[in-house]
Amino acid sequence: MPPTITLDLPDLSATHALAARLAGLLRAGDAVLLEGPLGAGKSEFARAVLRAAAGDPALEVPSPTFTLVQSYDLPAGPAHHFDLYRLDGPEGLDELGWEEAREGIVLVEWPERLGSLAPGDALHVALAPLAEENARRAQLSGWDARLAALAA
Ligand SMILES: Nc1ncnc2c1ncn2[C@@H]1O[C@H](COP(=O)(O)OP(=O)(O)O)[C@@H](O)[C@H]1O
Ligand SMILES: [Mg+2]
């Protein structure tokens, strides 16, 4: 079993703090796969990562629900935020520029849609709702060497 870190996120600020820690570790070629059901907080988390990585708390981060991808120029290089829920099939990934995007940083919602193109060296962030309305549980795996730095 690869190591997994489980973090309880009691509120939004805990989610944002985890996102900021991740932002500080990101570099070109990284893939972050955001798993979890609708409303788990995948977009909220991606938005917080991008804002922290940009050093701009007001950075516009529109949901890629319909465009499927939104791209950013961060100090760490290009970053691409994907939401693959509406992806038709792996061929659609080609059209979205997946290969080129992988040279930078990718944050992916609904990574199940990647099929065999899912990067083997990705950080997996699985978010799940808890009983309390604004609480979430995050399970982090992958990224052996850098994983520990994500724990609070
Ligand atoms: N601790 C938390 N972490 C993440 N999101 C939270 C948290 N508490 C409340 N939320 C809210 O839950 C909603 C999650 O929506 P969203 O990020 O769009 O989910 P998803 O992209 O997984 O479908 C947002 O409105 C967000 O503000
Ligand atoms: Mg979303």
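Which residue of strand 4 does Tyr-72 stand opposite? Tyr-72 faces Ala-79 there. The model is predicted: local features need pLDDT of at least 70, side-chain atom pairs count only at pLDDT 80 or more, and totals for chains, interfaces and linings use all residues. Residues are numbered from 1 along each chain as its sequence is written, chains are lettered from A and ligands numbered from 1 in the order written, and side-chain values use heavy atoms, with hydrogens and water left out.

**View 1. The hairpin of strand 3 and strand 4.** Helices (H or I, at least four residues) and strands (E, at least two) are DSSP runs, numbered from the N terminus. Two strands pair if DSSP finds at least two bridges between them. Strand 3 and strand 4 (residues 77–83) pair in the antiparallel sense, over 6 bridges. The hairpin has 2 residues between its strands. Asp-73 has Pro-78 of strand 4 as its bridge partner.

**View 2. An open sheet of 7 strands.** The strand order is 1-7-6-2-5-4-3, with mixed pairing. Strand 1 (4–9) and strand 3 (69–74) stand at the edges; each has a single partner strand, so one side of each lacks a neighbour in the sheet. On average, neighbouring strands are turned by 15° against each other, direction ignored. Axes are lines fitted to C-alpha atoms, for helices over the stretch in contact; angles run from 0 to 180 degrees between N-to-C directions.

**View 3. Helix 1 and helix 2 against the strands.** Contact means heavy atoms within 4.5 Å. Helix 1 (residues 12–23) packs on the sheet and touches strand 1, strand 2 (31–35), strand 6 and strand 7. Its direction makes about 140° with that of strand 1. Helix 2 (residues 42–54) lies across strand 2, strand 3, strand 4, strand 5 and strand 6. Helix 2 runs at about 165° to strand 5.

**View 4. Trp-110, a loop residue with positive phi.** Most residues other than glycine have a negative phi. Trp-110 has a phi of about 55°. Its loop joins strand 5 (105–109) and strand 6 (123–129). Trp-110 counts as buried because its relative accessibility is 16%. Buried means under 20% relative accessible area, exposed over 50%, partly exposed in between (1.4 Å probe, protein chains only).

**View 5. Trp-143, in the loop before helix 5.** This loop lies between strand 7 (136–141) and helix 5 (144–147). Phi of Trp-143 is positive, near 55°. Trp-143 has 8% relative accessibility, so it counts as buried.
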